[in-house]
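User: I'd like a close look at one part of this protein, the largest pocket and the elements around it. Could you walk me through what lines it and what sits nearby in the chain?

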Amino acid sequence: MLSREAQIEPQDSLVVLRDVDSVLALAKTLDSDLYVIGGEQVYRSFLPVIDRWIVTRVPLVVEAADAFVPQNYLDGFHEVGSKELEPNLVAHYYERAPTG
C-alpha cells in the first residue's frame with residue numbers, strides 16, 4: 001500500500017510504502033502484477049509506468065466528487081477487450097500501444 005499517512009502501520013499481509021520509487025523497486029521483486037488504485041495524484045504518479053489499464057465505468061454520479069483520473073490517462077493505449085460484469089457494468093482492458 002502506498003500511503004503518506006503515518007497512522008497506517010505494516011501488518012502481516014500489508015506492506016506500507018511511502019513513495020512511488022519504493023513501490024516501483026518492490027514491484028521489480030514480485031512475481032505478480034501490481035495494481036494501482038487511485039486517487040488522482042496516485043494515478044498521475046504512476047501514469048508513466050502503467051502498461052495496462054482495467055477500467056470499469058460505474059453508472060453512478062457522486063455529488064461533490066473532487067478527485068478524478070487524469071483526463072488523458074488512456075493516451076497511448078488501445079482497448080484489447082472487455083467483459084460484462086453485470087448489466088450496465090463493463091470492465092474494459094487497455095494496453096500501452098507499442099512505440100516506434
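Analyst: Here is a walk through the pocket first, and then through the elements and loops of the chain.

Keep in mind that this is a predicted model. As a quick map, the protein has two helices and three strands, and from the N terminus on they run α-α-β-β-β. The C-alpha trace spans about 40 × 40 × 25 Å along its principal axes. Of the 100 residues, 18% count as buried.

Now the pocket itself. The largest pocket holds about 1,100 Å³ of space. It is lined by 33 residues, and the ones closest to its centre are Val36, Tyr43, Trp53, Ile54 and Val55. The elements giving two or more residues to that lining are α1, α2 (40-46), β1 and β3. β1 gives the most, with five residues.

Let's take those elements in turn, starting with α1. This helix covers residues 20-27, and Leu26 has its place there. Leu26 counts as partly exposed because its relative accessibility is 33%, and any value between 20% and 50% falls in that class. Leu26 is also part of a nonpolar surface patch of about 300 Å², which it makes together with Val15, Leu30 and Leu34.

Just past α1 the chain has some charge to look at. A search of the whole structure finds two salt bridges. One of them joins the side chains of Asp33 and Arg52, at 3.1 Å from N to O. This pair links distant parts of the chain: Asp33 is in the loop between α1 and α2, whereas Arg52 is in strand β1, 19 residues apart. How open are the two partners? Asp33 has 46% relative accessibility, so it counts as partly exposed. Arg52 is at 51%, so it counts as exposed, the cut-off for that word being over 50%.

The other bridge is a local affair in α2. There the side chains of Arg44 and Glu40 meet, again with a distance of 3.1 Å, N to O. Arg44 and Glu40 are four residues apart in helix α2, so about one helical turn separates them. Arg44 counts as partly exposed because its relative accessibility is 43%. Glu40 is at 25%, so it too counts as partly exposed.

After β1 comes the loop that runs from β1 (52-56) to β2 (77-86), and Asn72 is found in it. Asn72 has 40% relative accessibility and therefore counts as partly exposed. Its C-alpha lies 9.8 Å from that of Leu47, and the two are 25 residues apart in sequence. Ala64 is found in this loop as well. Most residues other than glycine have a negative phi. Ala64, though not a glycine, has a positive phi of about 65 degrees. Ala64 is exposed because its relative accessible area is 75%.

Next up is β2, and Phe77 is found in this strand. With a relative accessible area of 11%, Phe77 is buried, since that word is kept for values under 20%. Phe77 and Asp21 are 56 residues apart in sequence, and their C-alpha atoms are 23 Å apart in space.

That brings us to β3, which also gives residues to the pocket lining. β3 covers residues 89-96 and pairs with β2 in the antiparallel sense, over eight bridges. Within that pairing, Ser82 stands opposite His92 in β3. The two strands form a hairpin with two residues between them, and Asn88 is in the turn. Like Ala64, Asn88 is not a glycine; its phi is positive, at about 65 degrees. Asn88 counts as exposed because its relative accessibility is 66%.

To pull the pocket story back together: β1 is the top contributor to the lining, with five residues, and Arg52 in this strand is the partner of Asp33 from the loop between α1 and α2. Helix α2 gives residues to the lining too, and it holds the Arg44 and Glu40 pair.

Notes: Residues are numbered from 1 along each chain as its sequence is written. This is a predicted model: local features need pLDDT of at least 70, side-chain atom pairs count only at pLDDT 80 or more; totals for chains, interfaces and linings use all residues. Side-chain values use heavy atoms; hydrogens and water are left out. Patches are made of residues with over 30% relative accessible area and no salt bridge: like charges are joined within 9 Å, nonpolar side chains (Val, Leu, Ile, Met, Phe, Trp, Tyr) within 5 Å. Accessible areas come from the Shrake-Rupley method with a 1.4 Å probe; for residues, only the protein chains shown count as cover. A salt bridge is a side-chain nitrogen of Lys or Arg within 4 Å of a carboxyl oxygen of Asp or Glu. Buried means under 20% relative accessible area, exposed over 50%, partly exposed in between (1.4 Å probe, protein chains only). Two strands pair if DSSP finds at least two bridges between them. On a 1 Å grid over the protein atoms alone, a cavity is a set of points where a 1.4 Å probe fits but cannot get out, and a pocket is an open set with protein on both sides within 12 Å along at least five of seven lines; lining residues have an atom within 4 Å of a point. Grid points are joined across faces, edges and corners, and a volume is the space filled by probe spheres set on the points.
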